[in-house]
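Q: Please take a close look at one part of this model and describe it in detail. Which residues deserve attention there, and how does the rest of the chain compare as background?

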Amino acid sequence: MIFINFKAYKEGFGKNALELAKIAEEVAERSGVYIAVAVNHLDLPVIAKSVRIDVFAQHIDAVEFGSYTGAVNAEMIKEYGAKGSLINHSERRLKLADIDFCVSKLKKLGMISIVCTNNVATTAAVSALKPDFVAVEPPELIGSGIAVSKAEPEVVERAVASAKKICKEVKVLCGAGITKREDYVRALELGADGVLLASGVVKAKDQKKALEELVGLS
Ligand code: G3P
């Protein structure tokens with residue numbers, strides 16, 4: 001499984017986001033690999049309507065409808081076609097109680113939660129909330145091009161073991177610095193169910209080629 005986080009990269013926003021989501025859809029269908037995208041809230045309605053792959057939000061706020069200026073909640077992204085959301089990304093941290101709120105709310109709405117963590121201990125802690133996915137990403141490797149699955153394989157292995165010990169249904173992703181097929185394959189060998197990545201594809205000179213290489217089509 002490959003989740004591509006478009007972040008707030010210019011190459012993954014607006015018209016560029018729609019083009020990249022279409023590339024992801026085409027590569028997913030041609031390779032048979034599950035590929036999903038996590039896009040900016042502004043792009044979500046259009047992209048969710050335009051592609052057959054799953055589209056996620058990058059963040060939701062732990063609030064109901066109401067007097068919360070600037071907030072985007074789980075109900076809103078559902079209405080616009082999101083499959084689920086990333087929660088607690090290292091660039092958008094939440095309090096534990098807010099993570100719990102978001103996981104529960106997404107579950108109640110029949111949506112998928114992907115909770116990001118920064119190390120083995122937080123992966124174990126968050127697994128107790130029973131999200132659909134935890135995604136362990138050592139912050140210092142994010143955007144570095146140095147793959148977590150190669151630089152810190154023990155983090156991936158221990159995160160998988162501790163997450164499954166707490167909640168055997170939880171799926172585990174790893175991320176940070178994943179750019180090449182060998183990084184992805186290594187992550188799977190270490191027990192991860194998939195990867196969460198951004199710059200390796202979004203910032204690639206040739207996004208389509210980067211994604212094809214990742215899934216083994218080139
Ligand atoms: O959400 C994915 C992410 O934080 C990893 O980023 O650029 O290292 O693939 P990157």
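A: Asn-88 is placed in the loop between β4 (84–87) and α4 (96–108); the model described here is a predicted one. The phi angle of Asn-88 is near 65°, a positive value in a residue that is not glycine. Asn-88 is buried because its relative accessible area is 7%, under the 20% limit for that class.

The part to examine closely is the ligand site. The ligand sits in the largest cavity. Its surroundings are formed by Asn-5, Lys-7, His-89, Glu-137, Ile-142, Gly-143, Ala-176, Gly-177, Leu-196, Leu-197, Ala-198 and Ser-199. Three polar contacts to oxygen of the ligand can be described. A backbone N or O atom of Gly-143 is placed 2.7 Å from a ligand oxygen atom. For Ala-198, a backbone N or O atom is found 2.8 Å from an oxygen atom of the ligand. Asn-5 takes part through its side chain, in which an N or O atom is 3.0 Å from an oxygen atom of the ligand. Taken alone, the ligand exposes 300 Å², and the protein buries 100% of that area.

Asn-5 merits separate treatment. This residue belongs to strand β1, which spans residues 2–5. With a relative accessible area of 3%, Asn-5 is buried, since the class covers values under 20%. A polar atom of the Asn-5 side chain lies 2.9 Å from the backbone nitrogen of Lys-7, and Lys-7 is itself among the residues around the ligand. Setting aside neighbours within four places in sequence, Asn-5 is in contact with Ala-38, Gln-58, Leu-86, His-89, Leu-196, Leu-197, Ala-198 and Val-202. Of these partners, His-89, Leu-196, Leu-197 and Ala-198 also appear around the ligand. Asn-5 thus has a ligand oxygen atom 3.0 Å from its side chain and contacts Ala-198, whose backbone has its own N or O atom 2.8 Å from a ligand oxygen atom.

Some residues elsewhere in the chain provide background. Ser-162, in helix α7 (residues 153–166), counts as buried because its relative accessibility is 16%. Beyond residues up to four places away in sequence, Ser-162 touches Val-120 and Ala-124.

Leu-18 is located in helix α1 (residues 15–31) and counts as partly exposed, at 27% relative accessibility. Leaving out residues up to four places away in sequence, Leu-18 touches Val-46, Ile-47 and Ser-50. Leu-18 and Val-51 are 33 residues apart in sequence, and their C-alpha atoms are 8.7 Å apart in space.

Two loop residues complete the description. Lys-130 is found in the loop between α5 (120–127) and β6 (133–136). Its phi is near 55°, again a positive value in a residue other than glycine, and at 46% relative accessibility Lys-130 counts as partly exposed. Gly-70 lies in the loop between β3 (55–57) and α3 (74–79). Gly-70 counts as exposed because its relative accessibility is 73%, over the 50% limit. From C-alpha to C-alpha, Gly-70 and Ala-121 are 32 Å apart in space, with a separation of 51 residues in sequence.

Methods. Residues numbered from 1 in each chain as written. Predicted model: local features only at pLDDT ≥ 70, side-chain atom pairs only at ≥ 80, totals over all residues. Heavy atoms only, no water. Helix = DSSP H or I, 4+ residues; strand = E, 2+ residues; numbered from the N terminus. Buried < 20%, exposed > 50% of the residue type's maximum accessible area, 1.4 Å probe, protein only. Polar contact = N/O pair within 3.5 Å; in protein donor to acceptor, adjacent residues only side chain to side chain. Contact = heavy atoms within 4.5 Å. Near = heavy atom within 4 Å. Areas by Shrake-Rupley, 256 points an atom, 1.4 Å probe, with all protein chains shown as cover. 1 Å grid on protein atoms, 1.4 Å probe; cavity = no way out; pocket = protein on both sides within 12 Å on 5 of 7 lines; lining within 4 Å. Sits in = over half its atoms within 2 Å of the grid points.
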